[in-house]
Structure formats: C-alpha cells, structure tokens
Amino acid sequence: MIAKDRQSHWENVYTTKSEAEVSWFQETPALSCDLLNFVGATRTSSIIDIGGGASRLVDSLVAQGYENVTVLDLSEAALAAAKARIGDKKDQVTWIVCDVTIWEPVATYDVWHDRAAFHFLTDPADQTAYIARLRLALRPGGHAIIGTFALNGPEKCSGLPVIRYSAESLGKTLGPGFVLVDERINEHLTPWGAMQKFQFSTFRFTP
Ligand SMILES: C[S@@+](CC[C@H](N)C(=O)[O-])C[C@H]1O[C@@H](n2cnc3c(N)ncnc32)[C@H](O)[C@@H]1O
C-alpha cells in the first residue's frame, strides 16, 4: 500500500467512526503503562507513540506527569480527536502528522511505543523504512515496545491485512541491535466483546 492510500484509508476511518466503533479501542492502556514502568521510564523520559492515533495512552501519560510525550500518526483526524479529548493539556504534547515510513526524525527518544501500527506494514520495503526510522530515533540504550497481533491473532484489522508476529520473528525482522527483554501475550477485548491476541515485545536497543 502506498503512503497516500494508507493515509486516506485511516483518515476515512477516523472521520467516520467513533472510538467505540474501532476494534482497537481501549479505555485504559494498562499494559502499555506497565511496560513503560518495566523499561524504567521516568516523568522526564522522552516517549514517542508511533501510530498513536486517537489512543488514550497520551491522556494517561500526561495525567501521570510525563513531560516529554510525542504522538505520531499519519491521520490528522486521529490526532485531532486525541487533542480535543485532552483539552488544554494538548500543548504539553508534541504531535506529528506523518507516515512513519517517510518521517525524518529530528530528535531521539528513550522509548518508542507502537501498538498495532507496525503490523500493517506488509511490504518489506516499508518495514525496512520503519526500522531505519526506529534506529535513527531511538537512543542507544533506549527501548522499543511493539504490540502486534500474535501468531494466533487476527489476520486483518480495519479491513487491511497484517503480519502477525512472535517476539522471536519480530526480533528477526528488526535485525541486529534489538535485544528482547520482555514478551507477553495480551488478550484484547474489542468494544463488541471479541477477543484478539496481541503480542507485546520489548527490546533494548544496543547498536
Ligand atoms: C489499529 S490503529 C492503533 C491506534 C493506537 N496505537 C491504539 O492503540 O489505539 C493503527 C494506527 O496506526 C496508524 N498508522 C497506520 N499506518 C501508519 C503509518 N505508516 N505511519 C503512521 N501511522 C500509521 C493509523 O492511522 C492508526 O491510528
């Protein structure tokens, strides 16, 4: 899928569906918060949520006092929904509207968090482009927390095909320099009660 088609797909999703109508909606991003604690993130750590969409992770981070939070998504409508929800606190967050595969990072981050964005990149060239950005934007010693559908998770999301991963296959795809420090299966319940198996894999970046 080319970047332009991807963007119009997701803009369409976020302009036509409410939170409760998207399968990935979570009231509380508990596992992501646990994993941020696990990697030792502090209130001053720089954290980027890749493909953060309209997720409530940003609400939770800002409420907990995290001071250096960035949300990147290719959908302007998704970020607008998150900004509207958190109100004045939106000014405490850096918002980037961009396709991660063409993004040019200008800062480095202590933590790269991605829940359900990387798995949409089915084309090896897009995966390579994502990983190049990950390597540029994550500081040595920093952590990547990546949630994808698990090997026995759904084959599609939002009508798009995904690649399902184990921690091992994701590590292989990311390539050298990413040391697996944690892996867990997460059973996500969609707003309509269907269970989806996610794989959350956390890597320490040691280039
Ligand atoms: C399934 S949603 C997950 C949203 C959010 N991470 C969450 O957990 O609620 C996937 C998100 O990834 C974004 N996305 C998909 N491909 C992307 C890309 N190449 N670059 C940036 N964002 C992307 C979509 O716009 C969408 O917000």
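This report covers the ligand, the cavity that holds it and the largest pocket in a predicted model.

## The cavity

The structure holds one cavity of 30 Å³ or more. About 380 Å³ of space lies in the largest cavity. Its lining counts 24 residues. Nearest the centre of this cavity are G51, D73, A116, A117 and F120.

Four elements each give two or more residues to this lining: α1, β1 (46-50), β2 and β4 (109-115). The largest share comes from α1, with three residues. By class, the cavity lining has 14 nonpolar residues, five polar ones and five charged ones.

## The ligand and its shell

The ligand sits in the largest cavity. Around the ligand stand 18 residues. The closest are Y14, G51, D73, V100 and R115. Two of these names, G51 and D73, also appear among the residues nearest the cavity centre.

Helix α1 and strand β2 (68-73) each supply at least two residues of the shell. Helix α1 gives the most, with three residues. The shell divides into 10 nonpolar, four polar and four charged residues.

## Polar contacts

Three residues of the shell come up here by name. D73 places a polar side-chain atom 2.6 Å from an oxygen atom of the ligand. In the side chain of R115, an N or O atom is 2.6 Å from a ligand oxygen atom. V100 takes part through its backbone: a polar atom there is 2.9 Å from a nitrogen atom of the ligand.

The ligand has 590 Å² of accessible area on its own, and the protein covers 98% of that area.

## The largest pocket

The largest pocket has a volume of about 190 Å³. It is lined by 15 residues. Y14, E19, V22, W24 and A54 lie nearest the centre of the pocket. Y14 is also one of the residues closest to the ligand.

Helices α1 (3-16) and α4 (76-86) each supply at least two residues of the pocket lining. By class, this lining has eight nonpolar, three polar and four charged residues.

## Helix α1 across the sites

Where does α1 contribute? This helix supplies at least two residues to the lining of the largest pocket. It also gives three residues to the shell around the ligand, and three to the lining of the largest cavity.

Key. Residues numbered from 1 in each chain as written. Predicted model: local features only at pLDDT ≥ 70, side-chain atom pairs only at ≥ 80, totals over all residues. Heavy atoms only, no water. 1 Å grid on protein atoms, 1.4 Å probe; cavity = no way out; pocket = protein on both sides within 12 Å on 5 of 7 lines; lining within 4 Å. Points joined across faces, edges and corners; volume = space filled by probe spheres on them. Nonpolar A, V, L, I, M, F, W, Y, C, P; charged D, E, K, R; others polar. Near = heavy atom within 4 Å. Polar contact = N/O pair within 3.5 Å; in protein donor to acceptor, adjacent residues only side chain to side chain. Areas by Shrake-Rupley, 256 points an atom, 1.4 Å probe, with all protein chains shown as cover. Sits in = over half its atoms within 2 Å of the grid points.
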